[in-house]
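Student: I should like to learn how to read a structural model feature by feature. May we proceed from the general idea to the particular case each time?

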Amino acid sequence: MTDPIADMLTRIRNALTVKKETVEIPASNMKKAIANILLDEGYVSGVEFVENEHEGAIVITLKYTKDGSPVIGGLQRVSKPGLRTYSGAKTMPKVLGGYGIAIVSTNKGIMTDKQAKAQNVGGEVLCYVY
């Protein structure tokens, strides 16, 4: 697998399409950080880390509105292995005019665009969530 983050986003997107309650993703430290950001921002209702014989798994409980539509309207991979996308603190992208979030990998860890602006750090823009 050349892009594990894109695989994670695709698994979540596909699970939302068929209205699954949970989705299981192979674990890594970066995926755990992204899952925790999704939980903190209110896009998913639960994140659980399960150990198995290999690397472990992340079980994400998806969140839906009362009428059954998913809370996550879209997941978009920005920086790809073939074309990395970086942004400074002052030029951090706004997703849907501030309604969505950009997840950024900085030298201080993985954080949202708002946290990166507040700490005045730039980094690689991993994905947009809206």
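Student: Which strands does helix 1 lie across, and at about what angle does helix 1 run to strand 1?

Tutor: Bear in mind that this is a predicted model. For a helix packed on strands, one compares N-to-C directions, on a scale from 0 to 180 degrees. Here helix 1, residues 4-17, lies across strand 1 and strand 3, and its angle to strand 1 is about 165°. Helix 2, residues 29-40, lies across strand 1, strand 2 and strand 3, running at about 155° to strand 2.

Student: What is the order of the strands in the open sheet, and in which sense do they pair?

Tutor: One reads the order across the sheet, not along the chain. The open sheet has three strands in the order 1-3-2, with antiparallel pairing. Strand 1 and strand 2 (44-50) are the edge strands, each pairing on one side only. From one strand to the next, the twist averages 20°.

Student: How many bridges join strand 1 and strand 3?

Tutor: Five bridges join strand 1 to strand 3 (residues 57-62) in the antiparallel sense. To follow the register, one looks for individual partners: Thr 22 has Thr 61, in strand 3, as its bridge partner.

Student: Is Pro 26 buried, partly exposed or exposed?

Tutor: The class follows from relative accessible area, with partly exposed lying between the 20% and 50% limits. Pro 26 has a value of 23% and is therefore partly exposed. This residue belongs to strand 1, which spans residues 22-26.

Student: Which residues does Pro 26 touch, beyond those up to four places away in sequence?

Tutor: Contacts of this kind show which parts of the chain meet. Pro 26 touches Arg 11, Lys 31, Glu 55, Gly 56 and Ala 57. A separation can also be given between C-alpha atoms: Pro 26 and Phe 49 are 9.8 Å apart in space and 23 residues apart in sequence.

Student: Why is Thr 112 classed as buried?

Tutor: Buried means under 20% relative accessible area. Thr 112 has only 3%, so it is buried. Thr 112 lies in strand 7, residues 109-112. Leaving aside neighbours within four places in sequence, its contacts are Ile 37, Glu 41, Ile 101 and Ala 102.

Student: Which residues make the nonpolar surface patch?

Tutor: For a patch, one identifies its members and its area. Leu 96, Tyr 99 and Tyr 130 make a nonpolar surface patch of about 390 Å². Tyr 99 is exposed because its relative accessible area is 74%, and this residue lies in the loop between strand 5 (86-87) and strand 6 (101-106).

Terms used
Residues are numbered from 1 along each chain as its sequence is written. This is a predicted model: local features need pLDDT of at least 70, side-chain atom pairs count only at pLDDT 80 or more; totals for chains, interfaces and linings use all residues. Side-chain values use heavy atoms; hydrogens and water are left out. Helices (H or I, at least four residues) and strands (E, at least two) are DSSP runs, numbered from the N terminus. Buried means under 20% relative accessible area, exposed over 50%, partly exposed in between (1.4 Å probe, protein chains only). Contact means heavy atoms within 4.5 Å. Patches are made of residues with over 30% relative accessible area and no salt bridge: like charges are joined within 9 Å, nonpolar side chains (Val, Leu, Ile, Met, Phe, Trp, Tyr) within 5 Å. Accessible areas come from the Shrake-Rupley method with a 1.4 Å probe; for residues, only the protein chains shown count as cover. A salt bridge is a side-chain nitrogen of Lys or Arg within 4 Å of a carboxyl oxygen of Asp or Glu. Two strands pair if DSSP finds at least two bridges between them.
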